[in-house]
Amino acid sequence: MKTHTLAIVLLSALPSTGAASQETAGPRTITVTGDAEIKVVPDQVVLTLGILSANKDLTELKRQNDARVKRVLAAIAAAGVATNDVQTDYIDLEPEFDQQAPSRRVLVAYVQRTTVVVTLRDVGKFDPLLTAALLAGVEYIHGIDFRTTQLRKHRDEARALAVKAAKEKAVALAAELGQKVGKPRSIQEGYNGWYSSYRSWWGRGGQMMSQNVSQSAGDGGGAGAGPIAPGTLSVRANVTIVFEIE
């Protein structure tokens with residue numbers, strides 16, 4: 001009799017355990033990503049220019065280099081660039097020795113390298129400025145970065161479009177299964193930033209990303225009469241959202 005009573009008690013407890021597991025089960029959800037891209041006409045370009053001087057005589061080297069830097073700065077100023085937008089970013093002075101006779105350390109020359117960074121706020125003056133700088137003594141172009149001064153604004157716009165894209169995707173996917181999308185449970189921002197194809201000229205190519213929303217901001221590609229066409233920058237955003245399914 002004791003054995004039968006215990007079996008009845010255990011069996012009667014099983015249904016209540018199943019009901020508790022159903023009550024603690026979380027809501028059904030759907031996870032989607034949204035990507036957006038805004039194409040922006042650049043309104044600014046940053047040039048990184050290099051000047052190199054070499055001479056065995058340190059005094060003569062300094063005189064030559066100072067003269068070249070002054071000519072370059074004068075050419076940049078003549079192109080209409082404000083003084084605050086020009087910066088001597090890097091200066092290096094070191095001896096160079098004959099590589100064919102390393103044990104004897106035969107001096108070939110002292111070399112001075114100077115880097116000048118120019119922020120040009122009128123993209124239309126890019127080609128005349130670069131030509132003037134090269135003629136004045138610039139030997140190296142270390143970087144050309146086309147930018148937008150409205151990056152924060154366009155990032156916010158791209159993020160809003162990415163959220164909208166994610167919601168539309170969730171609604172479409174749920175509808176295919178005869179379901180409806182409820183409130184969002186979590187939102188996570190992924191990559192965001194800007195991409196310029198010009199950066200790849202100098203070995204700094206940006207990351208290519210896919211998107212399901214693309215929008216243009218500005219009034220066109222900004223191609224000028226010179227050989228450089230600024231084109232557009234790509235400002236991109238990505239979000240991941242988890243929605244409940246009603």
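## The whole protein

Of this protein's 246 residues, 34% count as buried. Keep in mind that you're looking at a predicted model. The exposed surface comes to about 14,900 Å², and carbon and sulfur atoms supply 54% of that area.

What is the chain built from? The protein has four helices and eight strands. Start at the N terminus and the elements run α-β-β-α-β-β-α-β-α-β-β-β. Now take the contacts between residues at least 6 apart in sequence: 83% of them join residues at least 24 apart.

## A four-stranded sheet

Next, let's look at one sheet. Its four strands line up in the order E3-E4-E2-E5, as an open sheet with antiparallel pairing. Which strands sit at the edges? Those are E3 (86-97) and E5 (140-147), and each of them pairs on one side only. On average, neighbouring strands in this sheet are turned by 15 degrees against each other, if you ignore direction.

Zoom in on E2 (residues 44-55) and E4 (residues 107-120): these two run antiparallel and are joined by eleven bridges. Want a spot to find on screen? Look for Gly 50, which stands opposite Thr 115 in E4.

## Helices on the sheet

Helix H2 (residues 58-78) packs on this sheet, where it touches E2, E3 and E4. The direction of H2 makes about 155 degrees with that of E2.

Then there's helix H3, made up of residues 126-136, which lies across E2, E4 and E5. How does H3 run relative to E2? The angle between H3 and E2 is about 5 degrees.

Technical notes: Residues are numbered from 1 along each chain as its sequence is written. This is a predicted model: local features need pLDDT of at least 70, side-chain atom pairs count only at pLDDT 80 or more; totals for chains, interfaces and linings use all residues. Side-chain values use heavy atoms; hydrogens and water are left out. Two strands pair if DSSP finds at least two bridges between them. Axes are lines fitted to C-alpha atoms, for helices over the stretch in contact, and angles run from 0 to 180 degrees between N-to-C directions. Contact means heavy atoms within 4.5 Å. Buried means under 20% relative accessible area, exposed over 50%, partly exposed in between (1.4 Å probe, protein chains only). Accessible areas come from the Shrake-Rupley method with a 1.4 Å probe; for residues, only the protein chains shown count as cover.
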